[in-house]
Amino acid sequence: QESEHHELLRDADDLTGMPVVTADLHSALPAVLAGIRLERERRGARPAVVAYVMTDGGALPAWFSRAVAALREAGWLAGTVTVGQAFGGDLEAVNLHTGLLAARLVLGADVAVVAQGPGNLGTGTTWGFSGVACGDAVNAAHVLGGRPVASLRLSGADPRDRHRGVSHHSLTAYGRVALAPADVVVPRLDGGTDLEAGVAQLDARVREQVRPLVAPAGRHRQVEVSTAGLGRALGEAPVRLSTMGRGLTEDPLAFLGAGAAGVHAATMLQE
């Protein structure tokens, strides 16, 4: 109650249609931002104001993330809201709902990206992984009047079959935890670069894996987004792209998928 923003947030209850990108891994954040920036540049629009809402599934202190510091310094992020047991953001919020509202109303975000802090927890069981929170984030964004955009956890290099193509984490979080509809973004690998060529053989697998999530079988909407231009945009990120120890050229599908989600979020903005 002592916060200078308490009066603003006391009765806050509406994200007024703000796109909310949900992602499993912290490593998706710079790729999502690259996609947002690419689409805004193509439209000749001002850079979007983007807030990172950091959940407590990975590391708890925000300052563990060198990526967040570099993205903020480069002007790619307006600020970070740490929620739940996470701490150290520009703002700290009790839970994801108040964190999203703070991103919109205090930081003035056009788009929010929700993902756990650095690190990841998985137990090799159906439910024992921190990415379950992606489904909760879809629900929170929906109930507050936001527009959820589901970024898929994709990989063409993970040796574990359950993570190849679409990770089982995304299938569980979006298929069983998310009870509200979201736009599930599937990258259309048509950028014409070596990045797309290297993972083209996984395209059919990804589409087959996504089918249970989206209409008519599931509650979500499948949105296909071209990866044209994403290779360049990802390469210009002010931080090194790395997921599970693999870089952009080692696992391009992971970053193309997250970047495509960012592109789609940017298309939802009015200006």
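Here are three short exercises on side-chain contacts, each with a worked solution.

This is a predicted model, in which local features need pLDDT of at least 70, side-chain atom pairs count only at pLDDT 80 or more, and totals for chains, interfaces and linings use all residues. Residues are numbered from 1 along each chain as its sequence is written, and side-chain values use heavy atoms, with hydrogens and water left out.

**Exercise 1. Find the aromatic pair, and work out which parts of the chain it ties together.**

Step 1. Start with the rule: rings of Phe, Tyr and Trp (its six-membered ring) pair if their centres lie within 6.5 Å; planes under 30 degrees apart count as stacked, over 60 as edge-to-face and the rest as tilted. The count comes to one aromatic pair.

Step 2. Trp63 and Phe87 are the partners, edge-to-face, with 5.3 Å from centre to centre and 70° between the planes.

Step 3. Now place them, taking helices (H or I, at least four residues) and strands (E, at least two) as DSSP runs numbered from the N terminus. Trp63 sits in the loop between β2 (50-55) and α3 (66-73), and Phe87 in the loop between β3 (79-83) and β4 (91-93), so the pair ties together parts that are 24 residues apart in sequence.

**Exercise 2. Are Trp63 and Phe87 buried or exposed, and which patch do they help to make?**

Step 1. Buried means under 20% relative accessible area, exposed over 50%, and partly exposed in between (1.4 Å probe, protein chains only). Trp63 counts as exposed at 58%, while Phe87 is partly exposed at 32%.

Step 2. Together with Leu60 and Phe64, Trp63 and Phe87 make a nonpolar surface patch of about 430 Å². Patches are made of residues with over 30% relative accessible area and no salt bridge; like charges are joined within 9 Å, nonpolar side chains (Val, Leu, Ile, Met, Phe, Trp, Tyr) within 5 Å. Areas come from the Shrake-Rupley method with a 1.4 Å probe; for residues, only the protein chains shown count as cover.

**Exercise 3. Which salt bridges does Glu39 form?**

Step 1. A salt bridge is a side-chain nitrogen of Lys or Arg within 4 Å of a carboxyl oxygen of Asp or Glu. The structure holds 17 salt bridges.

Step 2. Glu39 pairs with Arg42, the closest N and O atoms being 3.1 Å apart, and with Arg43 at 2.7 Å, N to O.

Step 3. In helix α2 (residues 28-43), Arg42 is three residues from Glu39, about one helical turn; Arg43 is four residues from Glu39, also about one helical turn.

Step 4. Glu39 is buried at 9%, whereas Arg42 is partly exposed at 46%.
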